[in-house]
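Open the model in your viewer and keep the selection panel at hand. The stops below go one by one.

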Amino acid sequence: MSTEQLKSAAKRFIEQGFNQKNLSAVEEYFSADLVDHALPPTLPPGREGRKMFYAAFLSAFPDMHVHIDDLLAEGDKIVARWSAHGTHKGELMGIPPTGKQVNVTGIAIDRFENGKSVEHWEVFDQMGLMQQLGVIPAA
Amino acid sequence: MMGIPSTGKRVEIGSIDIIRFEDGKAAKHWGETDVMTMMQQLGVVPAQ
């Protein structure tokens with residue numbers, strides 16, 4: 001895949017998966033052999049866990065919207081810097097809905113093979129999210 | 001650190017940084033650090 005194709009795939013995934021809430025985008029974007037370096041240890045590894053992770057966030061923040069702030073591609077890797085906002089209307093990892101509006105940022109890296117992501121790294125501001133939900137005191 | 005007294009604990013965390021260069025020097029920086037995991041490793045925030 002060219003770097004332009006990588007960027008198109010990432011844009012399509014975020015648009016379909018998060019903004020249109022269609023999680024079949026997960027199977028389109030990630031390989032069944034995905035190695036995911038960013039999943040919490042409580043979830044199954046790989047694509048199944050990645051899909052459960054996204055499903056948990058979409059049910060907790062049903063109006064969630066993700067915006068791509070920057071998209072960089074080189075070789076077989078794509079880097080997406082994103083920001084998301086949404087309202088906490090459903091239970092999230094044991095946290096009952098707070099009704100709070102949150103803004104979160106993150107950076108994700110994917111490595112592609114044969115048209116799909118086979119390796120995923122991501123760091124997002126989980127601490128900031130928990131502070132905005134009032135679960136952890138702000139620094 | 002950030003008001004947390006020293007714990008003597010060893011921590012290991014991940015981070016991703018993007019740096020934009022202008023005229024040969026870093027002019028902009030964006031970074032995400034897994035502060036949550038660090039706080040869990042320090043025992044300040046309960047693990048999931």
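How many residues lie between β2(A) and β3(A) in their hairpin? Two. Select the turn: Gly75(A) is there, with a positive phi of about 60°.

Before going on, note that this is a predicted model. Its scores are ipTM 0.90 and pTM 0.94. Colour chain B by pLDDT: the average is 93, and 98% of the residues score at least 70.

**The hairpin strands.** Back in chain A, select residues 65-74, strand β2. β2(A) pairs with β3(A) in the antiparallel sense, over nine bridges. Pick out Glu74(A); opposite, in β3(A), stands Lys77(A).

**The next strand.** Now add residues 101-113 of chain A, strand β4. β3(A) and β4(A) are antiparallel too, with eleven bridges. Lys77(A) is again a good pick: in β4(A), Arg111(A) stands opposite.

**Two faces of β3(A).** Show side chains for residues 77-87 of chain A. In a regular strand, side chains alternate between the two faces of the sheet. β3(A) alternates in this way. On one face, select Ile78(A), Ala80(A), Trp82(A), Ala84(A) and Gly86(A): these are buried. Then select Lys77(A), Val79(A), Arg81(A), Ser83(A), His85(A) and Thr87(A): these point to the other face and are not buried.

**A helix stop.** Select residues 46-60 of chain A, helix α3, and find Phe57(A) there. Is Phe57(A) buried or exposed? Phe57(A) is buried, because 20 other C-beta atoms lie within 10 Å. Finally, draw a distance from its C-alpha atom to that of Gly106(A): the separation is 14 Å, for residues 49 apart along the chain.

How values were computed. Residues numbered from 1 in each chain as written. Chains lettered and ligands numbered in written order. Predicted model: local features only at pLDDT ≥ 70, side-chain atom pairs only at ≥ 80, totals over all residues. pLDDT = per-residue confidence, 0-100. Helix = DSSP H or I, 4+ residues; strand = E, 2+ residues; numbered from the N terminus. Buried ≥ 20, exposed ≤ 12 C-beta atoms within 10 Å, placed from the backbone. Pairing = 2+ DSSP bridges.
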